[in-house]
Amino acid sequence: IRLTIPTGFSPNNDGYNDNFVIPELTNYDDAHLIVFNRWGNKVFEANDYQNEWDGRGVGNMLGKLLPSGTYFYSVDSFETSGKHQHFSGNVTMVR
């Protein structure tokens with residue numbers, strides 16, 4: 001399993017890099033994504049991530065635009081064959 005995970009994106013509605021896109025996820029049956037802010041608070045989560053994170057939050061930030069900055073992600077991808085792999089890192093969001 002190889003994923004191309006971007007190091008940045010810019011959800012400013014210009015039609016370019018507006019979402020956090022991991023292209024290869026369309027090849028997997030399931031991908032779980034969690035995004036945290038620099039204090040370790042969960043700001044986004046998707047059980048079947050389909051490249052939809054546009055910089056908006058969840059929980060008490062539900063639907064609100066998150067500020068520019070560095071965020072930390074955890075991705076677990078699963079194939080039908082049972083293969084599973086974990087990825088983690090950071091992504092910079094610039095508005």
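Which residue takes a positive phi in the hairpin of S4 and S5? In this predicted model, that residue is Gly82, whose phi lies near 100°. The hairpin has 5 residues between its two strands.

The strands on either side of this turn are S4, residues 69–78, and S5, residues 84–93. They pair in the antiparallel sense over 10 bridges, and Phe78 stands opposite His84 in S5. Strand S4 also has a partner in S2, residues 30–36. These two strands run antiparallel as well, joined by 7 bridges, with Ala31 opposite Ser77 in S4.

The strands also contribute to the interior. The largest nonpolar core has 21 residues, and the elements that give two or more residues to this core are S2, S3 (42–46), S4 and S5. Among the residues with the most contacts inside the core are Phe20, Leu33, Trp53 and Tyr71. In soluble globular proteins, nonpolar side chains tend to be buried together. Beyond its neighbours up to four places away in sequence, Tyr71 touches residues including Val35, Val43, Trp53, Leu66 and Val91.

Strand S3 also holds Lys42. Lys42 is described as partly exposed because its relative accessible area is 42%, a value in between the limits of 20% for buried and 50% for exposed. Its side chain makes a polar contact of 2.7 Å with the side chain of Glu45. Leaving aside neighbours within four places in sequence, Lys42 is in contact with Ile34, Val35, Phe36 and Val58. Lys42 and Tyr71 are 29 residues apart in sequence, and their C-alpha atoms are 9.8 Å apart in space.

Note on methods: Residues numbered from 1 in each chain as written. Predicted model: local features only at pLDDT ≥ 70, side-chain atom pairs only at ≥ 80, totals over all residues. Heavy atoms only, no water. Pairing = 2+ DSSP bridges. Helix = DSSP H or I, 4+ residues; strand = E, 2+ residues; numbered from the N terminus. Core = buried A, V, L, I, M, F, W, Y, C linked by side-chain atoms within 4.5 Å. Buried < 20%, exposed > 50% of the residue type's maximum accessible area, 1.4 Å probe, protein only. Contact = heavy atoms within 4.5 Å. Polar contact = N/O pair within 3.5 Å; in protein donor to acceptor, adjacent residues only side chain to side chain.
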